[in-house]
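Work through the following exercises with the model open beside you, trying each task before reading its solution.

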Amino acid sequence: MTQDLTSMKPQRPSLYRLAADGRSLDFLFTQCPACHALSFPANAPGCMHCGHPTADAEQVARPGGGTLLEYVTLHVPLVPGMPAPSIAGDIRIAEQVVEEGVIAVDDESALQPGMTLRAVAVPLASGDSYGCAFVPAQEAAR
């Protein structure tokens, strides 16, 4: 049975929100009024590409996910509450925008550079909010 996430809050509301399907995430970007490139996170004070102030820039939501560039298995938790081992990777989430993310697979054999990942909501232990994890796109479609 799939847990209903629609009544939960995002752990990082300035970064993502629940998509219309109720399971995947939309990422929140700012579109620079000067160079029209996307910056992430949307609340950054300036464009990450040209430095133009983004206080009056349009916020845009795009399906969360991207292209896996590289990954590594972490054998110690990087933050409290993070399970170990876990897999983290660098993911291109937009043109010239690369972020690190946790990839929810059992081991590295399910991954390869260049594959498409999708961001999904993961219920947190608190029970009232969800976080973000990446999964292979074909797994997210199930």
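**Exercise 1.** Determine which side chain S24 is joined to by a polar contact of 3.1 Å, and describe the surroundings of S24.

*Solution.* Begin with the side chains: a polar contact of 3.1 Å joins those of S24 and R118, where a polar contact is a pair of N or O atoms within 3.5 Å, of which, within protein, one must be able to donate a hydrogen and the other to accept it, residues adjacent in sequence counting only if both atoms are side-chain atoms. The side chain of S24 also makes a polar contact, at 2.7 Å, with the side chain of D21. Next, place the residue: S24 is found in the loop between β2 and β3, strands being DSSP runs of E with at least two residues and helices runs of H or I with at least four, numbered from the N terminus. S24 is buried because its relative accessible area is 4%, given that buried means under 20%, exposed over 50% and partly exposed in between, with a 1.4 Å probe and protein chains only. Finally, list the contacts (heavy atoms within 4.5 Å): leaving aside neighbours within four places in sequence, S24 is in contact with R17, L18, A19, R118, A119 and V120.

Two remarks on the source apply throughout. This is a predicted model, in which local features need pLDDT of at least 70 and side-chain atom pairs count only at pLDDT 80 or more, while totals for chains, interfaces and linings use all residues. Residues are numbered from 1 along each chain as its sequence is written, and side-chain values use heavy atoms, with hydrogens and water left out.

**Exercise 2.** Locate S39, and identify the residue whose backbone nitrogen lies 3.0 Å from a polar atom of its side chain.

*Solution.* S39 belongs to strand β4, which covers residues 38-39. S39 counts as buried because its relative accessibility is 2%. The backbone nitrogen in question is that of M48. Beyond its neighbours within four places in sequence, S39 is in contact with F29, T30, G46, C47, M48 and H49.

**Exercise 3.** Which residues touch the most other members of the largest nonpolar core, and which element gives the most to this core?

*Solution.* A nonpolar core is a set of buried Ala, Val, Leu, Ile, Met, Phe, Trp, Tyr and Cys residues joined through side-chain atoms within 4.5 Å. The largest one has 25 residues, among which F27, F29 and I103 touch the most other members. Two or more residues come from each of β2 (16-18), β3 (25-31), β7 (86-94), β8 (97-103), β9 (116-123) and β10 (129-136), and β7 gives the most, with 4 residues. Looking at I103 in detail, and not counting residues up to four places away in sequence, one finds that I103 touches L68, Y71, I87, A88, G89, L111, L117 and F134. Strand β7 also holds I93, which counts as buried because its relative accessibility is 10%; outside its neighbours within four places in sequence, I93 is in contact with F27, F29, F40, G65, G66 and E99.

**Exercise 4.** How many disulfides does the structure hold, and are C32 and C50 buried or partly exposed?

*Solution.* The structure holds 0 disulfides, a disulfide being a pair of cysteine sulfur atoms within 2.5 Å. C32 is in no disulfide, and its nearest cysteine sulfur, that of C50, is 3.7 Å away. C32 is buried because its relative accessible area is 1%, whereas C50 counts as partly exposed because its relative accessibility is 42%.

**Exercise 5.** Find the cis peptide bonds that precede P41 and P85, and examine the phi values of H36 and Q96.

*Solution.* Start from the general expectation: most residues other than glycine have a negative phi, and most peptide bonds are trans. The bond from F40 to P41 is cis, with omega near 5 degrees, and P41 is placed in the loop between β4 and β5 (58-63). The bond from A84 to P85 is likewise cis, with omega near 0 degrees, and P85 is placed in the loop between β6 and β7. Turning to phi, H36 has a positive value near 65 degrees and sits in the loop between β3 and β4, while Q96 has a positive value near 60 degrees and sits in the loop between β7 and β8. H36 is exposed because its relative accessible area is 52%, and Q96 is exposed because its relative accessible area is 57%.
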